[in-house]
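Biologist: Could we go through this model together? Please start with the terms, then move to the details.

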Amino acid sequence: MMAANRKNDDMRKNALVRNRRRIMAVIAIAVIFGLLAISLIIPDRTFSPDENRDLQRFPKPTVSSIASGSYFRDLNSYMTDQFAFRDAWLGIHYLKIRVTGGEEAGGVLLGKKGMLLAKPTVPDEKAVKNSEDAIRTFASDHSDLRMTMMLVPCAAAVMPEHLPNDAPVRNQEKDITDVQKSLEGSNVTFVNPTDTLKKHKSEYIYYKTDHHWTTLGAYYAYQDIAESMGLSKDPGKYTKYLVSDTFRGTLSSQSGNHFRKDEIYVFARKNSDVEYYVSYPDLKKTTATVYDTEKLKEKDQYQVFLGGNHPYLEIHTANKTGKSLLLFKDSYANSFVPFLLPYFDTIYMIDPRYYYDDLSTMLSTHSVTDVLFLYSENTFAEDKMLADVLETAKVKNTNAPGQSK
């Protein structure tokens, strides 16, 4: 009798467990379909301020895209990007990973002491070779210009002690050295800031929630490259000012970690009398500062430096140095440029990712004396646009300003 009662009790318990599982499954399915329905009703977003990137739009099917499978990949990306309350789900997902001891979230390495780290990018060998060839050709065609190049390592390469235990990361220092070796014998002086940055790795040289270096990191790199560019190092001649202590960068957004904050500083040159203005052709505006404080009210506060990335801009100073700089760059250069202001009459900045004009025309209409290539290695490792931009700079008129005579 007792055995029969126990059997009946077990059956009832099993039935209750099955019913609970069914209820939870129904609730989960209802939530998923409810969110999908909301996602279909809510207008698609074109940009995620939390992740600082464009979001996938609904793909249009074509015979070729369906046959290649790219349509279905884009459709999957669309569903992922446009899923309702996606940003909140990322935060929940991050907490789950942390609780379970995970070391990566959203492609971001969850470093020690709460530091978030971008993975060193695996180079696109063909793209890198094309860039190297284009740089060598450009340097040969314009041998009268002083040319310098710097590739900046990411925080994971400079501060490996912050990496999660046994985290597999690429040897980015070697990737930078490989580019340096490929440009040997050219008219380009290559400066590798890795050792200098490592000497200061205990300092605040990289943001904890963003992939960029801090202004202090840019300052140390400037000290490293100044001599090669024929500039003054001016150590100790700057005062730093805190402009934000609420910065949450791209790594914070990608990982779902919204619990850390960074500080942003700007460096002001002591007793500076440099007068200048910045011209933004894409925005059809001119300002009297390299800082856009309105951006501190937005998600991506790193845009305080030059208002973010632009295809092309010009900085005109009242200096009489007789020197003008053409700078090919990514966003790492935005916090670096203020250190260059005292030493050039004009600085022309080109971001090849967004620049579609003819470079030969630009060179023929502006007197350039110096060229600087300044990129993060993560950008340079997969960049396919620099080579295309430099290709348009083939010498057409050797008597044009800024060209050999």
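Modeller: A term first: buried means under 20% relative accessible area, exposed over 50%, and partly exposed in between (1.4 Å probe, protein chains only). Helices (H or I, at least four residues) and strands (E, at least two) are DSSP runs, numbered from the N terminus. This is a predicted model, in which local features need pLDDT of at least 70 and side-chain atom pairs count only at pLDDT 80 or more, while totals for chains, interfaces and linings use all residues. Residues are numbered from 1 along each chain as its sequence is written, and side-chain values use heavy atoms, with hydrogens and water left out.

Biologist: Why is helix α9 described as largely enclosed by the rest of the structure?

Modeller: Helix α9 spans residues 215–225, and 10 of its 11 residues are buried, so the rest of the structure largely encloses it. Among the buried ones are Y219, Y220 and Y222.

Biologist: Which elements do the buried residues of α9 pack against?

Modeller: They pack against strands β6 (146–152), β7 (188–191), β8 (238–247), β9 and β15 (370–376), and against helix α8 (194–199). Contact here means heavy atoms within 4.5 Å.

Biologist: What are the overall figures for the chain?

Modeller: The secondary structure comes to 13 helices and 15 strands. Of the 405 residues, 47% are buried. Among contacts between residues at least 6 apart in sequence, 71% join residues at least 24 apart. The chain exposes about 20,500 Å², of which carbon and sulfur atoms supply 55%; accessible areas come from the Shrake-Rupley method with a 1.4 Å probe, and for residues only the protein chains shown count as cover.

Biologist: Turning to strands, how many residues of β12 are buried?

Modeller: Six of the six residues of β12 (residues 312–317) are buried. Y312, E314 and H316 point one way, while L313, I315 and T317 point the other way.

Biologist: And which strands does β12 pair with?

Modeller: Strand β10 (residues 276–280) is joined to β12 by four bridges, in the antiparallel sense. Y276 stands opposite T317 there. β12 is also joined to β14 by five bridges, again antiparallel, and H316 has T346 of β14 as its bridge partner. Two strands pair if DSSP finds at least two bridges between them.

Biologist: What is the strand order in the open sheet with three strands?

Modeller: The order is β3-β4-β5, with antiparallel pairing. The edge strands, each pairing on one side only, are β3 (104–105) and β5 (116–118). Two bridges pair β3 with β4 (residues 108–110), and A105 stands opposite V108.

Biologist: Now the charges. How many salt bridges does the structure hold?

Modeller: The structure holds 13, where a salt bridge is a side-chain nitrogen of Lys or Arg within 4 Å of a carboxyl oxygen of Asp or Glu. In one of them the side chains of D133 and R136 meet at 2.3 Å, N to O. Both lie in helix α5 (residues 125–141), three residues apart, about one turn of the helix. K129 is linked with D133 and R136 in a network of salt bridges.

Biologist: Where do E173 and K198 lie?

Modeller: E173 forms a salt bridge with K198, the closest N and O atoms being 2.9 Å apart. E173 lies in helix α7 and K198 in helix α8, so the pair ties together parts that are 25 residues apart in sequence. E173 is partly exposed at 26% relative accessibility, and K198 is partly exposed at 29%.

Biologist: What is the nearest side chain of opposite charge to D262?

Modeller: That is K208, 5.0 Å away, and the buried D262 has no salt bridge. Lys and Arg count as positive and Asp and Glu as negative, whereas His and the chain ends are not counted. D262 lies in strand β9 (residues 262–269), and its side chain reaches the backbone nitrogen of K208 at 3.0 Å.

Biologist: And D351: buried or exposed?

Modeller: D351 is buried, at 0% relative accessibility. D351 is found in the loop between β14 (346–350) and α11 (359–365). Its side chain makes a polar contact with the side chain of R353 at 2.7 Å. A polar contact is a pair of N or O atoms within 3.5 Å; within protein, one must be able to donate a hydrogen and the other to accept it, and residues adjacent in sequence count only if both atoms are side-chain atoms.
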